[in-house]
Amino acid sequence: MTETKIISGKAKAEEVLGVVKAASEKLIAETGVTPGIAVVIVGEDPASQVYVRSKGKRAEECGFVSRTHRLDENVGEAELLALVQSLNDDADIHGILVQLPLPKHINEDKIIETILPEKDVDGFHPINIGLLSTGNRTRALIPCTPAGSLLLAKEALGSNLSGLNAVVIGRSNIVGKPMAALLLQESCTVTIAHSRTKNIEALAKTADILVAAVGRPKMINASWIKPGATVIDVGINRIPAPEKGEGKMRLVGDVDYDDVIGTAGAITPVPGGVGLMTIAMLMSNTVTAAARAAGRSDLEPEFKL
Ligand code: NDP
């Protein structure tokens, strides 16, 4: 039986936000530039609405200029592109985030590629993905969820991850692939698993660091976990919770949390883990983008990724 450390996303996110606020205040004091973020949401998807509200709230708490643009589900692609262009041209806005997923009639890639890379605080533009892949972290804006996940892994393991076996389950552009790129830069030996991977359970069991970014409630149980491994659960899944009352739902990760306690060396809870870090890293990217726009990269928030 291993004693499992619970990695608190709440505590780490608060620490990150403290650094971000201090960097923002210094930037304002020394350059007169206030970091500005614009969040664009299309349609009424309830989960997206929740995320966008909390992003706006956090940005205000950080003292940023914060704008939310709410567009109708049926908005045309041209109109959305025009909005992105106007935000690209707006000197008060340093970070642009278009909440995904977008309705089917809009080409997501086209929208992402229209955002100026230096304002792409989600880190999804091909230029930022390329900079991350070539290891240029000083120019890249790094996707928020993988960046936050890496910081949480380091909470458990310390800053040196060199030589550890990392298995990332999930290969999406927004989580799995950039997560693998970051872990590779940390000199981990990285394997990316996905829906076609054979013997996935045995593969997962080789991991010193296991990152789950699948979107399948409680898919991973103790038999997938090497004793003592660090488990980063990115999944956010809503499942029925009849114990809370009829029709109620609750959030669970991709990992069966209760089952892996006692086997994993450390784990991030859901909720209270990676999700909170994602927003904190978004605020960090916004100050980073503002500092770079002001020609003061030295004022970017400082913490070791
Ligand atoms: P995607 O649906 O884009 O990707 C899911 C990945 O999981 C795919 O690569 C898919 O493989 C793989 N997969 C699906 N089923 C299996 C299986 N049975 N075995 C192995 N691999 C499988 O999801 P995202 O990356 O966008 O998100 C993943 C999860 O993370 C979701 O729960 C999402 O809600 C959550 N999330 C959380 C965030 C946070 O802030 N904490 C932020 C973003 C996402 P294939 O490519 O072969 O289809």
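Biologist: What distance separates an oxygen atom of the ligand from an N or O atom in the side chain of Ser 172?

Modeller: In this predicted model, the oxygen atom of the ligand is 2.6 Å from an N or O atom in the Ser 172 side chain. A polar contact is a pair of N or O atoms within 3.5 Å (within protein, one must be able to donate a hydrogen and the other to accept it, and residues adjacent in sequence count only if both atoms are side-chain atoms), so the pair at Ser 172 qualifies. Residues are numbered from 1 along each chain as its sequence is written. Local features need pLDDT of at least 70 and side-chain atom pairs 80 or more, while totals for chains, interfaces and linings use all residues, and side-chain values use heavy atoms, with hydrogens and water left out.

Biologist: What makes Arg 171 and Val 234 polar contacts of the ligand?

Modeller: A polar side-chain atom of Arg 171 lies 2.7 Å from an oxygen atom of the ligand, and a backbone N or O atom of Val 234 is 3.4 Å from a ligand nitrogen atom. Both values are within the 3.5 Å limit, so both pairs count. The protein covers 70% of the 920 Å² of accessible area that the ligand has on its own (Shrake-Rupley method, 1.4 Å probe).

Biologist: Which residues come nearest to the ligand, and which helix gives the most to the shell around it?

Modeller: Of the 22 residues around the ligand, Arg 171, Ser 172, Ser 195, Ile 236 and Thr 278 come nearest, where being near requires a heavy atom within 4 Å. Helix H10 (residues 274-293) contributes the most, with three residues; helices are DSSP runs of H or I with at least four residues, and strands are runs of E with at least two, numbered from the N terminus.

Biologist: Why are H1 and H6 called roughly perpendicular?

Modeller: Helix H1 (residues 9-31) and helix H6 (residues 144-157) pack at about 110 degrees with their axes 11 Å apart, the axes being lines fitted to C-alpha atoms over the stretch in contact, and angles running from 0 to 180 degrees between N-to-C directions. Angles of 65 to 115 degrees count as roughly perpendicular, under 35 as roughly parallel, over 145 as roughly antiparallel and the rest as oblique, and H1 and H6 are therefore roughly perpendicular.

Biologist: What makes H2 oblique to H10, and H6 oblique to H7?

Modeller: The axes of helix H2 (residues 46-61) and H10 come within 10 Å and cross at roughly 50 degrees, which makes H2 oblique to H10. The axes of H6 and H7 come within 8 Å and cross at roughly 40 degrees, and H6 and H7 are therefore oblique to each other as well.

Biologist: Which omega values go with the cis peptide bonds before Pro 101 and Pro 271?

Modeller: Omega is about 0 degrees for the cis bond joining Leu 100 and Pro 101, and Pro 101 sits in the loop between strand S4 (95-98) and helix H4 (108-114). For the cis bond joining Val 270 and Pro 271, omega is about -5 degrees, and Pro 271 is found in the loop between strand S11 (266-267) and H10. Most peptide bonds are trans, and most residues other than glycine have a negative phi.
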